[in-house]
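Subject: Structure for you to look at

Dear colleague,

I am passing on the structure we talked about, together with some notes on what turned up in it. Please open it beside this message and follow the notes residue by residue.

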Amino acid sequence: MSLESHVGRRVVNDPLALRALAHPLRLKLCALVGREGSLTAADAARQLGISQALASHHLRQLAKYGFVEHADAGDNRERPWRITAVSHRFEAADGSAEAWESVELLDRYLVEQAAAQLADWQQRRADEDPRWAEHVGVSQSLLYLTLDEFAELKQRWDELVAPLARRRPLGDVGDRPVDAVPVNLTLVAAPLRPTPSGG
């Protein structure tokens, strides 16, 4: 399996792993386990309104391709699951149509998820600490960049996020401040089509 993982960040470029994750229920499970830190199949099934057997099956498929793993359990009961990386980037390394289809599905899902979470925040903003509102929302920039400049920008973004991921290991609730909440940071970058005039 061609998975490169470092500092809570994973580049997924194996076509089989891409296809395994590009499944609506698996995407929901992965997001739920990540948000909770660790979760049993029974708890995941209750939250998603599905059978425990179905949740277990899809969690095992996610584990097969390295997206989740078993977390330590305090007893001999059902072991909880945890995600293996805070950040993902998806690449169609083999350039196949199937791999690109999976990458595009995953990209669209993450953008739609981010938009839905922003809309949810807007609905409950009045009930939250007003200091959050100063920083939450969409920041948009339109820049003229070379490919090298864009690559540098992406690298700097990754370098900014990595120490924050290291500071709070997934599932480690003990080291998490009581006022820490899950925050979705989704970077969307898309080169625009040039205007006919080239301007």
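A residue is called exposed when its relative accessible area is over 50%, buried when that area is under 20%, and partly exposed in between. By that rule arginine 46, with a relative accessible area of 60%, is exposed, whereas aspartate 43, at 28%, counts as partly exposed. Please keep in mind throughout that this is a predicted model.

Confidence comes next, as it decides how far each part can be read. The mean pLDDT of the protein is 86, and 91% of its residues reach 70 or more. Over residues 1-7, however, pLDDT stays under 50, although the model has 19 contacts beyond four places in sequence for that stretch. Where pLDDT is low, the predicted coordinates should not be read in detail.

Now to the charged pairs. Side chains of opposite charge can pair when their charged atoms come close, and a search of the whole structure finds 8 salt bridges. One of them joins the side chains of aspartate 43 and arginine 46, at 2.2 Å from N to O; both residues lie in helix H3 (residues 41-48), 3 residues apart, which is about one turn of the helix. An α-helix has 3.6 residues a turn, so residues three or four places apart point the same way.

What separates glutamate 152 and arginine 156 along helix H7? They are 4 residues apart in that helix (residues 147-167), and therefore about one helical turn lies between them. Their side chains meet in a salt bridge of 2.7 Å, N to O, with glutamate 152 partly exposed at 38% relative accessibility and arginine 156 exposed at 54%. Elsewhere, salt bridges that share partners join Asp120, Arg124 and Glu128 into one network. Within that network, the closest N and O atoms of aspartate 120 and arginine 124 are 2.8 Å apart, and these two residues both lie in helix H5 (residues 97-124), 4 residues apart. Aspartate 120, at 41% relative accessibility, counts as partly exposed, and so does arginine 124, at 33%.

Helix H5 deserves a second look for its length and its buried side. At 1.5 Å a residue, its 28 residues should span 40 Å, and its end C-alpha atoms are 41 Å apart, which agrees. The buried residues of H5 include Ala99, Leu106, Tyr109 and Trp121, and what covers the buried residues of this helix includes helix H1 (15-21), helix H2 (24-36), strand S5 and helix H6 (130-133).

Strand S5 (residues 87-90) also runs parallel to strand S2, to which 4 bridges join it, and one pair to find on screen is valine 12 with its bridge partner in S5, phenylalanine 90. In a regular strand the side chains alternate between the two faces of the sheet. Both faces of S2 (residues 9-12) are covered, with Arg9 and Val11 buried on one side and Arg10 and Val12 buried on the other.

Finally, is valine 68 buried or exposed? Valine 68 is buried, because its relative accessible area is 2%. This residue is found in strand S3 (residues 68-70), and its contacts beyond four places in sequence include Cys30, Leu59, Trp81 and Ile83. Valine 68 and alanine 85, which are 17 residues apart in sequence, are 8.3 Å apart in space, C-alpha to C-alpha.

With best wishes

Technical notes: Residues numbered from 1 in each chain as written. Predicted model: local features only at pLDDT ≥ 70, side-chain atom pairs only at ≥ 80, totals over all residues. Heavy atoms only, no water. Buried < 20%, exposed > 50% of the residue type's maximum accessible area, 1.4 Å probe, protein only. Contact = heavy atoms within 4.5 Å. Salt bridge = Lys/Arg side-chain N within 4 Å of Asp/Glu carboxyl O. Pairing = 2+ DSSP bridges. pLDDT = per-residue confidence, 0-100. Expected span 1.5 Å × (residues − 1).
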